[in-house]
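Below are some notes that I would ask you to read alongside the model. They take the domains, the ligand shell, the nonpolar core and a few individual residues in turn.

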Amino acid sequence: MPDTTIQVENSVSNDEMITEVRDSVAKLCGDFQGEYWRKLDREQAYPTEFVKALTDAGFLGALIPEEYGGVGLGMVAASVILEEIHHQGCNAAACHAQMYTMGTVLRHGSPEQKQEYLPKIADGSLRLQAFGVTEPTSGTDTTSLRTVAVRDGDDFLINGQKIWTSRAEHSDLMLLLARTTPLNEVKKKTEGLSVFLLDMRKAKGNGLTIRPIRTMMNHSTTEVFFDNLRIPASNLIGEENRGFRYILSGMNAERILIAAECIGDAKWFTKKSTNYANDRNIFGRPIGQNQGIQFPIARAYAQMKAAELMVYHAARLYEAGKPIGEEANTAKLLAADASWAAAEACVQTHGGFGFAEEYDVERKFREARLYQVAPISTNLILSYLAEHVLGMPRSY
Ligand SMILES: Cc1cc2nc3c(=O)[nH]c(=O)nc-3n(C[C@H](O)[C@H](O)[C@H](O)COP(=O)(O)OP(=O)(O)OC[C@H]3O[C@@H](n4cnc5c(N)ncnc54)[C@H](O)[C@@H]3O)c2cc1C
């Protein structure tokens, strides 16, 4: 295993450091090429060795400040880490949440909670990569969620269900959003929700049940059931009933980072398309000589370049502590569209081989499709831009 440990002391990203980070990630990914991912995909298995390598190199603790044992990098560098993983044909979905879910604890946790959890998350001895928000009945309408947490002495009793709780089987902790004040007792639907840091190691078999969901790509996602699960009140993050606000601030970081993954995917697809278009000879000439092959690849490339500017613009604003709702959402929308355009062009360029497992194109194609739907669907971003940025009437 090459020494890829990052040793950078800066929370605002600069060019030299970014190059160093990018090169280190690319080197690490060199040990995890196509066959590694194909085998996992066939078995819907978890990339344990890959996640360990990223953890040991410090990449997953990139956003944790040095005082808590992390690397103390900024959002630009963190985005570069995830982008490069995807650019190299790997997939960070198995562990990207370890990087950013802790942001809610960092921003809103008590000093004791930060001291207890962040150093262990930074060194990987505690995995916080499960995020329990979405529910089967409420879906995108988060504030209608039905999971409740009711105060009982020094504890809360949790009842309800989550769905699409990714990585729950590969995480020690879950950041959980639950209703602590009934809907009919709050002025606004966004009030009365609270965030908890749930220790799943203690909870499993004591009121917490996790069931895996098989999906079109290898994603380790699950549904989770809470049946009178008792957790200490000390696991409440921030103030009771103000959890929705805390979750929203973390979602912007998530959108930027996942948009960066889409940029990496788009670059991978484009390289793969270009190489194949140059090498494949049909009718006595490379297929890439035909503009019918060139143009979709070139168009997707142009889309990616524009999206890339928006992703890193949003990341820089995040580092500067500016409001980024518009930029984070726009970045996610454009980057997901760019990666999907590049994926579509790549399959078409490969003809029949686009469907063959050994080329990796079909696997990456399935993986890229997710980002039109999660972590936020395209429609919901458009509706955010239309209503909150452009000032048109609310549709729901
Ligand atoms: C593989 C995977 C992993 C995931 N991981 C997690 C996770 O770790 N944690 C977590 O909490 N969630 C997770 N999710 C959930 C994900 O965030 C949701 O699937 C997504 O936000 C969409 O919600 P939904 O599936 O309930 O769709 P719904 O809300 O049922 O919507 C269905 C469709 O209708 C559209 N729609 C709904 N309302 C409107 C409207 N008003 N206007 C226009 N269109 C509308 C949506 O855009 C969508 O296309 C994951 C999902 C998947 C598939």
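1. Domain bounds, as used throughout this note, come from an automatic or database domain assignment. The model is a predicted one, and its domain assignment gives domain 1 as residues 15–123, domain 2 as 128–241 and domain 3 as 245–389. Taken over C-alpha atoms, the centres of domain 2 and domain 3 are separated by 31 Å.

2. Where domain 2 meets domain 3, 8 residues of domain 2 are in contact with 7 residues of domain 3. The side of domain 2 that touches domain 3 holds 6 nonpolar and 2 polar residues, and no charged residues are found there.

3. The ligand is surrounded by 23 residues, of which the closest are Val133, Gly139, Thr140, Trp164 and Ser377. Two elements, strand 1 (128–132) and helix 13 (378–389), give two or more residues to this shell, and the largest share, 3 residues, comes from helix 13. In terms of domains, the shell draws at least three residues from each of domain 2 and domain 3.

4. Which classes of residue make up the shell around the ligand? By class, the shell divides into 10 nonpolar and 13 polar residues, with no charged residues, which is worth keeping in view if you are setting up the ligand environment.

5. The largest nonpolar core has 112 residues, and among these Ile256 and Val311 touch the most other members. Helix 9, which spans residues 243–279, gives the most to this core, with 15 residues. Leaving aside neighbours within four places in sequence, Ile256 is in contact with Met75, Ser79, Val311, Ala314, Ala315, Tyr318, Ala328 and Ala331, so that Val311 appears among the contacts of Ile256.

6. Some backbone features deserve a separate look. The peptide bond from Ala374 to Pro375 is cis, with omega near 0°, and Pro375 itself lies in the loop between helix 12 (361–369) and helix 13.

7. Arg167, although it is not a glycine, has a positive phi of about 65°, and the residue is found in the loop between strand 3 (155–163) and strand 4 (173–179). Is Arg167 buried or exposed? Arg167 counts as buried because 25 other C-beta atoms lie within 10 Å, where 20 or more are required.

8. Phe283 is another residue other than glycine with a positive phi, here near 55°, and its place is in the loop between strand 9 (281–282) and strand 10 (285–286). Phe283 has 8 C-beta neighbours inside 10 Å and therefore counts as exposed, the cut-off for that class being 12 or fewer.

9. Ile237 is found in strand 8, residues 236–237, and counts as buried because it has 22 C-beta neighbours inside 10 Å. Not counting residues up to four places away in sequence, Ile237 touches Thr104, Val105, His108, Gly109, Gln113, Val195, Phe196, Leu197 and Tyr246. The C-alpha atoms of Ile237 and Gly132 are separated by 14 Å, the two residues being 105 residues apart along the chain.

Conventions
Residues are numbered from 1 along each chain as its sequence is written. This is a predicted model: local features need pLDDT of at least 70, side-chain atom pairs count only at pLDDT 80 or more; totals for chains, interfaces and linings use all residues. Two residues are in contact if their C-beta atoms, placed from the backbone, lie within 7 Å. Ala, Val, Leu, Ile, Met, Phe, Trp, Tyr, Cys and Pro count as nonpolar, Asp, Glu, Lys and Arg as charged, and the others, Gly among them, as polar. A residue is near a molecule or strand if its C-beta atom, placed from the backbone, lies within 6 Å of it. Helices (H or I, at least four residues) and strands (E, at least two) are DSSP runs, numbered from the N terminus. A nonpolar core is a set of buried Ala, Val, Leu, Ile, Met, Phe, Trp, Tyr and Cys residues joined through C-beta atoms within 7 Å.
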